[in-house]
Amino acid sequence: MVYKWIIASYAAFIAFTNIIQFGRSSLMPILLSFALLAALTLIDTSSRAIDAARAGALVVFQWFASDCLCLLLYMLVLGRDYYASRTPRPARIRTIGYTAAFLLTDLPELWHFPPSHRWIAALLIVLFFAIGACVIEYLVSRMKEAARLQAESSMFATRDALTGLLNYEETHRSLEKLVSEGTPLLLVLVDCADLKAMNVAKGYQTGNLILKQIAELLGISFPDALLVARYGGDEFALALPYGDVRRTAEHVELLLGSELPKLTGIRMTYAMARFPDDAESREMLLLEAENRLYMKKRELWLQKEEHMLRSEKMRVVGELASGMAHEIRNPLTAVKGFLQMSRSSGYNIEPWYGLIMDEIGRMSELTAEFLQFSRPSGTDYREQSLQSCIQRVIALTDTEVSRLGQRLIYEHPDEPVMLWMDPDKIVQLLLNLVKNAYEAMPDGGTLYIRLRRSGRTAVVEVEDTGVGIPPDRLGAIFHPFYTTKDYGTGLGLSISHKIVQDHNGTLEVESIVGKGTKFVLTFPLSDARHAND
């Protein structure tokens, strides 16, 4: 706009100069031609007809004004044409046209020159237009490049490079402006919940494509939005005008809760806050929306965790039921076979009585241990020393140690190590581990039981020098019904692990084939429990 006024001002200067020079005789033609040229120059509308009319007005103005001064006016008009053209080609064509028009208009003046000078003058005019056009084209290209770089710099400062939406800082500035103007709005924060998992599964390029798609869909779905922004890594922000709050909220829920997730394959979590109903400042409005989004995400996370826990429980129940059915079916099959065999001898089961009772006893033992495994933890807890439980286990297994010719080494501190425990359960736990250790040393060996304090925990190590456990079986030893023995139920270590969990402890195992196995138990001391309470 300033450049147009420069052209009009210079044309006014030429008109004023000619009026002073030639007097009233040229007043009306110069003023009329100047008025026409100025009007067509200052007009904002651009079309081929207006451009042609502007060129004609320039030629008419030159006819009544000074030719020398009009040369610079032509250059100014050319500069405007070059800047308005997307490519230099149309402006170059106009340069040729302006050159021809200037020469034709100036022909009467050139005719007064001597013949040898006419061609020189015409050539100088052509060179002036050519050189001027080259200089103008160069300057305009530099100006456009500078303007482009400035626009890109401004865009990167306010826009997200990936999606082209407003970035985080510009979101705050725009929202602050809307709030300061008192514009009622509905702020919507959108979190793309599954995008992180998609980045891990399919790569960041796929995630970026999804983000661009979501940005485009948000712009299309909310054409009247006051702002659409990328608020964070996988979060977007919308500011929507509202008259009917309920209708606007229903529209948002329909699009973000159903339509857009179907189109993108991404589940979206969103929250809304209203200005000025929910908050009276930008900071409080954003805080309210972020808190609601956090609570919604937390609620969805809890639902997901509950679903996963329920699925895991069903899986465990299925495994237990399958294992229990398998373990009971084996002795039942044996009993059924013996009864069928007794049919030929008048149902006399005396020859198989002992085997039948052994299988029935095995089923009874299995069901008893399974009930113990599935029964909720007891409440008979009291403060007692761990040494007393270990001494009781040693006394219970002393005769077996002597019979098998094995050694037991017990290392413990002098002061009592007090735990909040169910003593019978702790004895059962240690007895299971000690019996397994003796059974792992059929050719004799040494069993180590070590008790020590470590900070606010008690550590018990039960280590044998037996055959060890292969690495491929080590991860399955705590599974219900898993056993490598020819006898037993496979519930011993599962029950032991449950007892440790009931006492807020941990149970770890280390094993080397041919060298032995070590179980490490840790329990919180009773004084640590009192300190936490």
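This is a short tour of the structure, stop by stop, with something to select at each one.

**Before you start**

This is a predicted model, where local features need pLDDT of at least 70, side-chain atom pairs count only at pLDDT 80 or more, and totals for chains, interfaces and linings use all residues. Residues are numbered from 1 along each chain as its sequence is written, and side-chain values use heavy atoms, with hydrogens and water left out.

**The whole chain**

Start with a cartoon view: the chain has 18 helices and 11 strands. Those are DSSP runs numbered from the N terminus, H or I of at least four residues for helices and E of at least two for strands. Of the 533 residues, 39% are buried. Here buried means under 20% relative accessible area, exposed means over 50%, and partly exposed is in between, with a 1.4 Å probe and protein chains only. For contacts in the chain between residues at least 6 apart in sequence, 68% join residues at least 24 apart; a contact means heavy atoms within 4.5 Å.

**Stop 1: helix H3**

Select residues 48-64, which make up helix H3. Its 17 residues should span 24 Å at 1.5 Å a residue, and the end C-alpha atoms are 25 Å apart, which agrees. The expected span is 1.5 Å times one less than the number of residues. Now colour Ile-50, Asp-51, Arg-54, Ala-57, Leu-58, Phe-61 and Gln-62, which are buried. They cover an arc of only 135 degrees around the axis, which puts them on the same side of H3. That arc is taken from the directions from the helix axis to the C-beta atoms. Spin the helix round, and the face turned away from the buried side carries the exposed residues Arg-48, Ala-49, Ala-52 and Trp-63.

**Stop 2: Thr-99**

Go to helix H5 (residues 88-105) and pick Thr-99. Thr-99 is buried, at 10% relative accessible area. Not counting residues up to four places away in sequence, Thr-99 touches Val-126 and Phe-129.

**Stop 3: cysteines and Asp-234**

Select Cys-70: its relative accessible area is 0%, so it is buried. Cys-192 is also at 0% and counts as buried. How many disulfides does the structure hold? Zero, with a disulfide being a pair of cysteine sulfur atoms within 2.5 Å.

Stay around Cys-192 and show Asp-234, which is in contact with it. Leaving aside neighbours within four places in sequence, the contacts of Asp-234 also include Val-190, Asp-191, Leu-195, Lys-196 and Leu-211. Asp-234 is in the loop between strand S2 (227-230) and strand S3 (235-241), yet at 10% relative accessibility it counts as buried.

**Stop 4: Gly-257 and a cis proline**

Select Gly-257 in helix H11 (residues 245-264). At 46% relative accessibility, Gly-257 counts as partly exposed. Draw a distance from its C-alpha to that of Met-268, and you should get 6.7 Å, though the two residues are 11 apart along the chain.

Next, look at the peptide bond joining Phe-275 and Pro-276: it is cis, with omega about 5 degrees. Pro-276 is in the loop between strand S4 (268-275) and helix H12 (282-342).

**Stop 5: the five-stranded sheet**

Here is an open sheet of five strands in the order S6-S8-S9-S11-S10, with mixed pairing. Strand S6 (407-411) and strand S10 (506-512) stand at the edges with a single partner strand each, so one side of each has no neighbour in the sheet. From one strand to the next, the twist averages 15 degrees. Strands count as paired if DSSP finds at least two bridges between them.

At one edge, five bridges join S6 to strand S8 (residues 446-454), and the two run parallel. Pick Leu-408 and you will find its bridge partner in S8, Leu-447. Helix H15 (residues 423-439) packs on the sheet, touching S6, S8, strand S9 (457-464) and strand S11 (516-524), and its direction makes about 170 degrees with that of S11. Axes here are lines fitted to C-alpha atoms, for helices over the stretch in contact, and angles run from 0 to 180 degrees between N-to-C directions.

At the other edge, seven bridges join S10 to S11, which run antiparallel. Leu-507 has Leu-521 as its bridge partner in S11. The hairpin of these strands has three residues between them, and Gly-514 there takes a positive phi near 90 degrees.

**Last stop: Asn-504**

Finish in the loop between H17 and S10, at Asn-504. Its phi is near 60 degrees, a positive value in a residue other than glycine. Is Asn-504 buried or exposed? Exposed, with a relative accessible area of 65%.
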